[in-house]
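Student: I should like a close look at a single part of this structure, the place where the two domains of chain A meet. Please describe that part in one connected account.

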Amino acid sequence: MHNENVALTVNGRRHALDLDPRVTLLDALRENLGMTGTKKGCDQGQCGACTVIVNGQRINSCLTLAVMHAGDEITTIEGLEEDGNLHPMQAAFVRHDGLQCGYCTPGQICSAVALLAEHKAGWPSYATADVATAPVLTDGEIAERMSGNVCRCSAYSNIVSAIRDVAEGGRI
Amino acid sequence: MAEGKLADPIGLPLDRVDGQLKVTGRATYAFEYATQGGAAYGVIVPSAIAKGRVVAVDVQEAQHAPGVLLVLTKDNAPPQTPWGPVDLPDRFARAEPALDSDEVRYFGFPVAFVVAETFEEANAAAALVSVRCDSLPGQYDLHSAGPTAEDPGHISDGAPANSSVGDFEAAFATAPVKIEALYTTPYQNQAPMEPHATMAVWEGQMLTVHTSAQLTTSPQEGLARTFNIPKENVRVVTRYIGGGFGSKLPFYVDATLAAIGARIVGRPVKLAMTRPQLFHMTTHRTASEQRLRLGADRDGRLTAYGQDALVQCARFDNYTEPVCGAARMLYAAPNRLTRHRLAKLDLPRSDSMRAPGDAIGLLALECAMDELADALGFDPVDLRLRNDTEIDPERDRPFASRHLAEALRLGAARFGWDKRIAKPASVRDGRWLIGLGVASAVRADVLRSATARARLERDGRLTVELAMTDIGTGTYTILTQVAAEAMELPVDRVTVRLGDTRFPPTAGSGGSFGAATSSSAVLAACRKLNAGLALGLTEAEGSVTPADLDDTYAHAGFGAHFAEAAVHRDTGEVRVRRMLGVFAAGRILNAKTARSQMIGGMTWGIGSALIEENHVDPRYGSFVNQDLASYHVAVNADVGSLDVMFLDEADPHGSPLGSKGIGELGICGAGAAVINAIHNATGARIRDMPATPDKLLATLETLDA
C-alpha cells in the first residue's frame, strides 16, 4: 500500500501528512495527529462518538477516509475553545451535567454545535410537523436531531437541557 | 455559618471536577496515552466456531504482510496460568490467559493476535490469518437446558441460591387470590461507549497497563497470576473510563495480549476490541426465565411469595445472576420461597450488568405485583404500601433506614397518580393509548474495603490519592467534596487522584459500593490528617472495611418509579412520555451527579422494557446482534421528560457518611413501571421482555378503532 501525501486543515491549522490511504479521518486525527479528543466508540458509524464538523456539517469521522479531506475545514472538539475559554456549548454541558463517563461527550458537543447551525438554516427533521415552515426547536426536535449520538450513561435529558440553554442564548 | 467560611460542600450540586477535561477532549482514556517511540497496534482474530479445537493456524501470509511485527497463536504464545481458578473469592482477579491452548470455549474466542506498525496494517494482516477448527456440538438454548439446570449452591453475591420461610407451597395452594406467571428477560449487553482497550508497556520486569477498568487491584492481581509474576511488578492505570456498567469488572484478553505483545516486540503495544468483538469476548447479562407465584388474602396482604429463576453462565464458569435478591427484601410475607437454577451453556461468559439480579428480578416481580393488584382489584400503589415491612423479611433484621412507603406516597402525589383510570385502554390521545404504571425500587447496600491517602502540600493544597476509579459516576467530584469538607478547605484547593495501583488499594467501582466505600476511606484519612496537623503531620492514610457497616441492620436503598406510556393504536409503538423516580438513598453527596446517576438508570429501565435484547443463533452459538445498529440501546429520542426526587434520608446506622449506593437504584424497577404503564394503556400483559410492538398487536386488534 503506497502512502499518499495529504494536507488536512484541522481547527484552522494545516497539517501535511504522509498517509496510508486506508486511514480513516478518525484515526488520522487520533493516531497521526495525536488529537485524541475525537473518540472511537464503534468504528462503524453507529454511535456518533467520532462526530466532527467538516465544512460546517457534522459527520462520523470513522466513515470517511482522511485522504478525501484535502482542503476541507475540519473542526474537532479541540477547536471549539476560543482564547482559552470554553465554547458556550462546552460550558453548558458542564453546567447541566450533560456527561458522565465523557467518552461520547466530544461527539455530542460537536453534534450539538452543528445542530444549532442546521436549525438556524431552517433544516427540518423527522420530528418537524410541517417541513414547509421554519422548525421550532422543541425538546422533541433536539432529542430527534441528537439521536445519532449514543450516550450509554444516558445523560440525554441533561444534554437536551444544555443545548436548549445555548439555543436560548444564555444561562438558565 | 461564620463569615468567610464556605458552605459545607458535601451534597452541593457542584459541577463535576473533571467536566472541563471531558468537554474539551483532554481526559485521557486507555488507548490514548502517548508513549516514547510510539506504540505498535494489536488486532485480535476471533474464532468462527463456539466450541471445539483449533487444529491449525496458517500465519505465513500474515507474517509477511507489510508492517507486521508479530503473529501470535497457540503455537508460539508464552506459557501462562490456566484460566481461573473458578472458585477464587475475587473472581475478577482470576488468571485470564490468551492463546494458551487449542480449546475454543465460545464463539468469537481469541485464536490469533497480530501486532503491526499501524492499525491498518494489523487489521489487514489479521484478515490473512487462516484458522482451521474442529467444531463440536454445543448447547446454546437456555429454555431447553432448564430441566437439567443445576442448583448452584450460592448466587454471585454470596447468598444461598435458595431461601425458604414458612410453608410456601401450602400457603400458595390455599391463597384466596393468587397469580402465577412465567416471565422471561433476554440477553443484554452493557455496551459501554469506550470499547475495552489496553496499552501495555514493559520497563525491565515492570509491566504497566493503561486499561479501561472499573477495578484496579483485581486486574493487577489477575495479570500477576496470569504471567506468574509478583503483583508488585504490575501497575494498572485507569484514570478515565468510558463507561463500564459491570462489563469492566473483569479484565480481558486485551490486557493479556497487549502485555504479551509488548514483551515480545520490545515496545508498547495497544489494542482496543472492535465493537462486534465486545459482544462475545466480554461478558453479558444472562437471559432469565422467572416463575412468579404470588398469593394474597382478600385484604391484599401477601401470604405466599415465590420466585424461581433460571439463568445462564458459560460452561467453564460459575456466575449466577442473583435474580431473587430483591424479592428477598422488598415485601413482607409469612411464607416465602426463592430458588436459582443455573444452566451452563457453550455461550460467552455472563456476569454483572448494571444492578445484576435486581434489574431483571424486579422487571418480573414488579410486573407480577401489578398482576396481583389487578386480580385483587386494588390500586397498585396501595398494594405495595400494604406489604411494606420495617424488618428484612428473610433475615429478620430491621432495615437501617427504609422509606419505600414515603417514596410511593410522595411520588403518587407528584406524578398525578390519582388521575389514573384503573380500567385499561381508557385514555386516548388521538391514535395514542395512554397509561400510567408504578413499580418499587430496591437495591442492597454494601461497604467494601478501601484505603485512601491524604497529603497536605507545601502550598496548602490537599492531595487525595486512592486506587479508586471514576467510571462516569462522579467519583472525582464527590471525593473532592468529602475531602474539602473534612479538611475545611475550598473545593478548588483539593486534588483527587484516582485510577493507579501505586495509590492505596480500594475495591473500585461496582455493585453500588463505590461511593460509600471510597468516600468513607477519604473521610477517615482526612480526619486522621486533621487531627495530626498540630503535631506536624502532613500525610495520613485512612481505611474502611465491610465491618464498618452495622450488620445488626439490613441495608438498602429504596424508591418508587412512575411512568406514563403512550402506545400507538395502529403500530404498537411505545413512547415513554414522562417518568418520575423518587429515591430514598441516604445522604446525597452531590445533588447534580446523583440526579444524573438516576436519570441514567431510569433510561436503562426504558431500554430494558422496550428495546434491549440480544438473540442467540442456535446454529452457531453466537449472539446475532453484534453492533449498536442491531443491539438497541436507548437514544435521545427514546427518552421523554424525566423527573427525579430524593428524599431527605438520614441513616445513622449506615456508612460513615450516611450515603447509600445510587448507581444502580435508578434502574431497579424502572422497566417494570413502563411495562405496567403499557398494561394500563392497552390491557396487554407483556411477560416476555422487551415489549416490542409485535407483542402488542394482538391486544390492540381487540380494541375499538
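Tutor: A salt bridge is counted here when a side-chain nitrogen of Lys or Arg lies within 4 Å of a carboxyl oxygen of Asp or Glu. In this predicted model, A:Glu118 and A:Arg58 satisfy that criterion through their side chains, with an N to O distance of 2.9 Å. The count of salt bridges between domain 1 and domain 2 of chain A is one, while seven residue pairs are in polar contact across the same boundary, both residues of each pair being at pLDDT 80 or more.

On the domain 1 side, strand E3 (51-54) and strand E4 (57-60) of chain A are the elements that give two or more residues to the surface touching domain 2. E3(A) provides the largest share, with three residues. By residue class, this side of domain 1 comprises five nonpolar, eight polar and four charged residues.

As to the wider setting, domain 1 of chain A spans 4-79 and domain 2 spans 88-167. Their centres, taken over C-alpha atoms, are separated by 22 Å. The contact involves 17 residues of domain 1 and 18 residues of domain 2. Together the two domains of chain A bury about 1300 Å² between them, of which 56% is on carbon and sulfur atoms. Of the area that domain 1 buries against domain 2, A:Lys39, A:Arg58 and A:Ile77 supply 45%, more than any other three residues. A:Arg58 thus appears twice in this account: it belongs to that trio, and it is the partner of A:Glu118 in the salt bridge.

Key. Residues are numbered from 1 along each chain as its sequence is written. Chains are lettered from A and ligands numbered from 1 in the order in which they are written. This is a predicted model: local features need pLDDT of at least 70, side-chain atom pairs count only at pLDDT 80 or more; totals for chains, interfaces and linings use all residues. Side-chain values use heavy atoms; hydrogens and water are left out. Domain bounds come from an automatic or database domain assignment. Contact means heavy atoms within 4.5 Å. Buried area is the accessible area (1.4 Å probe) that two parts lose on being put together, summed over both. A polar contact is a pair of N or O atoms within 3.5 Å; within protein, one must be able to donate a hydrogen and the other to accept it, and residues adjacent in sequence count only if both atoms are side-chain atoms. Helices (H or I, at least four residues) and strands (E, at least two) are DSSP runs, numbered from the N terminus. Ala, Val, Leu, Ile, Met, Phe, Trp, Tyr, Cys and Pro count as nonpolar, Asp, Glu, Lys and Arg as charged, and the others, Gly among them, as polar.
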